[in-house]
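Colleague: Before I set anything up, could you take me through this model, giving the reasoning behind each answer?

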Amino acid sequence: MCGRYAATARPEDLVEEFEVDEDLTSAPTRSILATPQLPPPGEPDHNMAPTKQAPVIVTRRPRGPAGEPAQAPHRQLRLLTWGLVPSWAKDTSGGPRMINARAETIAEKPAFARIADARRCLVPATGWYEWQPSPIATDAKGKPRKQPFFVHRADGEPLALAGLYEFWRDPARDRDDPLAWLATFTIVTQAAEPGLDRIHDRQPLVLDRADWRRWLDPDAALADVADLLAPPTLAQRAGLGRFAAYPVTPAVNGVRNNGPHLLDPAPDDTLFGVVDPTTGEVLDA
């Protein structure tokens with residue numbers, strides 16, 4: 001699963017990098033957090049966690065006057081809450097349980113099937129975190145010690161995670177009240193690529209720049225982009241190598257911890273029992 005990532009780019013940089021038509025990150029949004037988000041939504045966040053609001057890119061057709069021709073789709077940058085709340089949900093409590101959608105089953109799951117046809121999004125990220133259980137080292141409870149890794153694109157290209165988004169309306173508020181609507185998203189995951197599977201068996205579905213427009217197209221059904229969800233062939237897997245990964249500090253385990261230091265490589269003398277994702281070697285010193 002993908003349960004934590006870094007989103008360090010500012011909105012103005014995302015607008016340029018992702019060719020956004022409308023930056024809506026300053027628009028009023030509804031949050032499900034009981035206390036103010038830190039860092040504030042839209043600010044660089046090195047420890048993005050479920051229930052936080054994060055920058056997300058969608059393509060939508062603006063509503064025009066009744067009887068007027070449909071307007072052209074606009075690529076928008078919005079702040080959405082991580083953890084999908086279906087439009088038919090009675091309340092927002094289930095969102096934190098739906099932070100990921102498996103690529104293999106999104107066409108079958110009631111919460112994802114309908115929106116996968118028209119409400120697909122891109123989640124910009126600097127990289128994501130994953131935790132590797134050690135084959136030899138244990139924690140204080142005698143369980144395999146888990147080492148956090150940071151995964152990023154090796155070529156320096158922007159990281160765009162495939163996602164789905166949805167709108168939920170609070171029936172207690174007027175429909176025209178902007179805060180009556182909660183916009184949420186989930187990150188699509190797939191089987192991990194070679195090397196990364198030594199850290200965890202799943203990873204986010206990362207889309208290359210050439211595929212962004214197709215994935216975002218609101219007029220394309222899921223069947224039209226199904227090839228982007230398909231697992232890579234053996235020949236493709238042999239030549240992937242899109243990502244680099246390295247161990248980082250366990251400080252990332254705490255959702256309140258934040259800052260650039262979370263991306264610093266962990267000291268070598270702390271890596272006993274860690275498996276090198278490139279070679280498969282277990283570090284014993």
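Modeller: A salt bridge here is a side-chain nitrogen of Lys or Arg within 4 Å of a carboxyl oxygen of Asp or Glu. Please keep in mind throughout that this is a predicted model.

Colleague: With which residue does lysine 52 form a salt bridge, and how far apart are the closest N and O atoms?

Modeller: Lysine 52 and its partner are both buried, the partner being aspartate 45. The structure holds 15 salt bridges, and the one between lysine 52 and aspartate 45 meets the 4 Å limit, its closest N and O atoms being separated by 2.8 Å.

Colleague: How many residues apart along the chain are arginine 202 and glutamate 104?

Modeller: Arginine 202 forms a salt bridge with glutamate 104, with 2.9 Å between the closest N and O atoms. This pair links distant parts of the chain, since arginine 202 belongs to strand E12 while glutamate 104 sits in the loop between strand E6 and helix H2, and the separation is 98 residues.

Colleague: Is arginine 202 buried or exposed, and in which class does glutamate 104 fall?

Modeller: Buried means under 20% relative accessible area, and arginine 202, at 9% relative accessibility, therefore counts as buried. Glutamate 104 has 42% relative accessibility, which places it between the limits of 20% and 50%, so its class is partly exposed.

Colleague: Which residues are linked in a network of salt bridges?

Modeller: Apart from that network, one can name the pair of arginine 173 and aspartate 177, whose closest N and O atoms are 2.9 Å apart. Arginine 173 is partly exposed because its relative accessibility is 36%, and aspartate 177 is partly exposed at 23%. The residues linked in the network are Arg153, Asp155, Glu193, Asp208 and Arg242.

Colleague: What separates the C-alpha atoms of glutamine 203 and glutamine 190?

Modeller: Glutamine 203 is placed in strand E12, which spans residues 202-204, and is buried because its relative accessible area is 1%. Glutamine 190 lies 13 residues away along the chain, yet the C-alpha atoms of the two glutamines are separated by 5.7 Å.

Colleague: Which helix gives the largest share of the negative patch?

Modeller: The patch of negative charge on the surface gathers Glu12, Asp13, Glu16 and Asp23. Aspartate 13, found in helix H1, counts as partly exposed because its relative accessibility is 43%. The largest share of the patch, 3 residues, comes from helix H1.

Colleague: Which residues does the cis peptide bond join?

Modeller: Most peptide bonds are trans. Here omega is about -10° for the cis bond, and proline 39 is placed in the loop between strand E2 and strand E3. The residues joined by this bond are leucine 38 and proline 39.

Colleague: What is the phi of glutamate 19, and what is that of threonine 51?

Modeller: Most residues other than glycine have a negative phi. Glutamate 19 lies in the loop between H1 and E2 and is exposed because its relative accessible area is 53%, whereas threonine 51 is placed in the loop between E3 and strand E4. Neither is a glycine, yet phi is positive, about 50° for glutamate 19 and about 80° for threonine 51.

Colleague: What radius of gyration does the protein have?

Modeller: The secondary structure comes to 5 helices and 13 strands, and buried residues make up 46% of the 285 residues. A compact globule with 285 residues would have a radius of gyration near 19 Å, which agrees with the value for the protein, 20 Å.

Terms used:
Residues are numbered from 1 along each chain as its sequence is written. This is a predicted model: local features need pLDDT of at least 70, side-chain atom pairs count only at pLDDT 80 or more; totals for chains, interfaces and linings use all residues. Side-chain values use heavy atoms; hydrogens and water are left out. Patches are made of residues with over 30% relative accessible area and no salt bridge: like charges are joined within 9 Å, nonpolar side chains (Val, Leu, Ile, Met, Phe, Trp, Tyr) within 5 Å. Accessible areas come from the Shrake-Rupley method with a 1.4 Å probe; for residues, only the protein chains shown count as cover. Lys and Arg count as positive and Asp and Glu as negative; His and the chain ends are not counted. The place of a charge is taken as NZ of Lys, CZ of Arg, CG of Asp or CD of Glu. Helices (H or I, at least four residues) and strands (E, at least two) are DSSP runs, numbered from the N terminus. Buried means under 20% relative accessible area, exposed over 50%, partly exposed in between (1.4 Å probe, protein chains only). The radius of gyration is taken over C-alpha atoms; the globule rule is 2.2 Å times the number of residues to the power 0.38.
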